[in-house]
Amino acid sequence: MTSSVPRLVIAAPSSGSGKTTVATGLMAAFAARGLAVSPHKVGPDYIDPGYHALATGRVGRNLDAYLCGPELIGPLFAHGARGCDVAVVEGVMGLYDGAAGEGELASTAQVAKLLRAPVVLVVDASSQSRSVAALVHGFASWDPEVRVGGVILNKVASDRHEELLRGALESVGVPVLGALRRVAQVETPSRHLGLVPVAERGDAAVEAVAAMAAQVEAGCDLEGLLGLARGAGALSCAAWDAGEVLVSSPPPPLPVPIPRGSAPWTPGRPERLRPQTPDGLVVAVAGGEAFTFSYAEHAELLAAAGADVVVFDPLRDEELPEGTSGLVIGGGFPEVYAGELSANEPLRKAVATLAERGAPVAAECAGLLYLCRELDGQPMCGVLDASARMSERLTLGYRDAVAVSDSALAEAGTRMRGHEFHRTVVEPGAGAAPAWGMRAPVRRVEGFVQQGVHASYLHTHWASAPGVARRFVERCRTS
């Protein structure tokens, strides 16, 4: 199958250059012209796709060659871009920055090559003039397989400054496709883990995206950018399909019986996904402002495996969705909402009761904190005999992990790649049956497996191991 969806990769020499502003504004500007825009983000980041979803009205999807493998980049892109007029892919960090010590793996450059997509380089020009030519020449010539098809100059100080920058770039042979002034309205607030998610900002996020669109519309050559996107090379691959990969992936081990002992919309996460083969099995997925981190493919895989996926909000809903047989609690910011989460005692008790009876519960990072006995002194669900607290230290990076204990997600010995991103500490860091063994940056075990619960700091992308979703749903049927 060949995909001919026009596409662009928005990259930069380094973080902080304005990729998110340009990518989100471009998505919104294209959408305002009536184009169906497919939004994508290189890397594991959950927050930027929320802004992309707001700009386009479509689910923001990640393309991470470390978590999913380079071979899935094309299929996952084709899945998200199916039926669209154009796709915009926001890069990560600097154009050539990837997984530490892994060469180009997971870099924006690698994804651009895998997608045969032209790159638009966003350059922070605030403190330079003629030097911009050397910078762009270096990035454009570093890897001949990466096609830098244009430059957008960001944070330009004045008309004179823009004139100097454009003059310097004439000798490089890379066209200038936009020049943007600094605009306060497009700046989005940040905190300890980056931008504040869309779901927490309400109307302010809508206004920010509108301002980004207006800035890009006024300062960029949209026809030139669209023409560049239409020059992307044909992409020969079959689109990823949750149902097909579940059929083709190895069957899960026979399920082992486990001893019994209406939410606000979140960008990128549907409120409900009906199962492909309905049988009344409900998997509840935490959403709302406190739990905004989730890859869209997780819910799609659960639905393909036969689950009725229903989103609920732990900040507001006092009960789990009716008929809940399994629970997925992804990442987010429970530390910001610890008081409100703690105050919702009926739901905390419902979660604890579900876990006590042996139902499968998959918790990642924020979900791990929510299952602890307490978070920063505030009572949580008490499923795990552990306490969590905020820390000054940022834990960040890709991880190569091996399942230490049999669980509702994986057999012991299953290898998966994941990502850690948090400023909290859980004590103890592992239970009697740990979830994962890590090899780097130091050898350690981490997380908790008890009855049907699998709780860990590790974020994983289930598209890389679709059997995880099938195993989880099978355990929901037998618990």
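Guide: Two strands pair if DSSP finds at least two bridges between them. Helices (H or I, at least four residues) and strands (E, at least two) are DSSP runs, numbered from the N terminus. What you're looking at is a predicted model, where local features need pLDDT of at least 70, side-chain atom pairs count only at pLDDT 80 or more, and totals for chains, interfaces and linings use all residues. Residues are numbered from 1 along each chain as its sequence is written, and side-chain values use heavy atoms, with hydrogens and water left out.

Visitor: Which strands stand at the edges, each with a single partner strand?
Guide: Start with the open sheet of seven strands, which pair in parallel in the order S4-S3-S5-S2-S6-S7-S8. A strand with a single partner has one side left without a neighbour in the sheet, so the edge strands are S4 (61-63) and S8 (176-181).

Visitor: By how many degrees are neighbouring strands of this sheet turned against each other on average?
Guide: Think of each strand as an axis, meaning a line fitted to C-alpha atoms (for helices, over the stretch in contact), with angles from 0 to 180 degrees between N-to-C directions. For this sheet's average the direction is ignored, and the turn between neighbours is 25°.

Visitor: In S5, which residue does His-40 stand opposite?
Guide: S3 (residues 37-42) runs parallel to S5, and five bridges join them. Across from His-40, you'll find Val-89.

Visitor: Which strands does H2 touch as it packs on the sheet?
Guide: Touching here is contact, meaning heavy atoms within 4.5 Å. The direction of H2 makes about 170° with that of S3, and the strands it touches are S3, S4 and S5.

Visitor: At roughly what angle do the axes of H2 and H9 cross?
Guide: H2 (residues 47-56) uses Tyr-51, Leu-54 and Ala-55 to meet Ala-205, Val-206 and Val-209 in H9. The axes of H2 and H9 (residues 203-219) come within 10 Å and cross at roughly 75°. Since 65 to 115 degrees counts as roughly perpendicular (under 35 is roughly parallel, over 145 roughly antiparallel, the rest oblique), H2 is roughly perpendicular to H9. The crossing angle, again, is roughly 75°.

Visitor: Is Glu-90 buried or exposed?
Guide: Buried means under 20% relative accessible area and exposed over 50%, with partly exposed in between (1.4 Å probe, protein chains only). Glu-90 sits in strand S5 (residues 86-90). Because its relative accessibility is 1%, Glu-90 counts as buried.

Visitor: Which side chain does a polar contact of 2.7 Å join to Glu-90?
Guide: A polar contact is a pair of N or O atoms within 3.5 Å; within protein, one must be able to donate a hydrogen and the other to accept it, and residues adjacent in sequence count only if both atoms are side-chain atoms. One such contact, of 3.3 Å, links the side chains of Glu-90 and Lys-41. The one of 2.7 Å goes to His-52.

Visitor: Which helix makes a right-handed β-α-β unit with S6 and S7?
Guide: S6 (residues 119-124) has five of its six residues buried, and pairs in parallel with S7 (residues 148-156) over six bridges. Right-handed means that, with the strands pointing away from you, the path from the first strand over the helix to the second runs clockwise. The helix lying across S6 and S7, at about 150° to S6, is H6.

Visitor: Which residue in S24 does Ala-362 stand opposite?
Guide: S24 (residues 453-456) is covered on both faces, with Val-453 and Ala-455 buried on one side and His-454 and Ser-456 on the other. S16 (residues 361-364) runs parallel to S24 with four bridges, while S23 (residues 448-450) pairs with S24 in the antiparallel sense over three. Val-449 stands opposite His-454, and Ala-362 also stands opposite His-454.

Visitor: What is phi of Cys-365 near?
Guide: Cys-365 lies in the loop between S16 and H15 (366-371). Cys-365 is buried, with a relative accessible area of 7%. Its phi is positive, in a residue other than glycine, and near 55°.

Visitor: What is omega for the cis peptide bond that joins Glu-427 and Pro-428?
Guide: Pro-428 is in the loop between S20 (415-427) and S21 (436-438). The bond joining Glu-427 to Pro-428 is cis, with omega about -5°.
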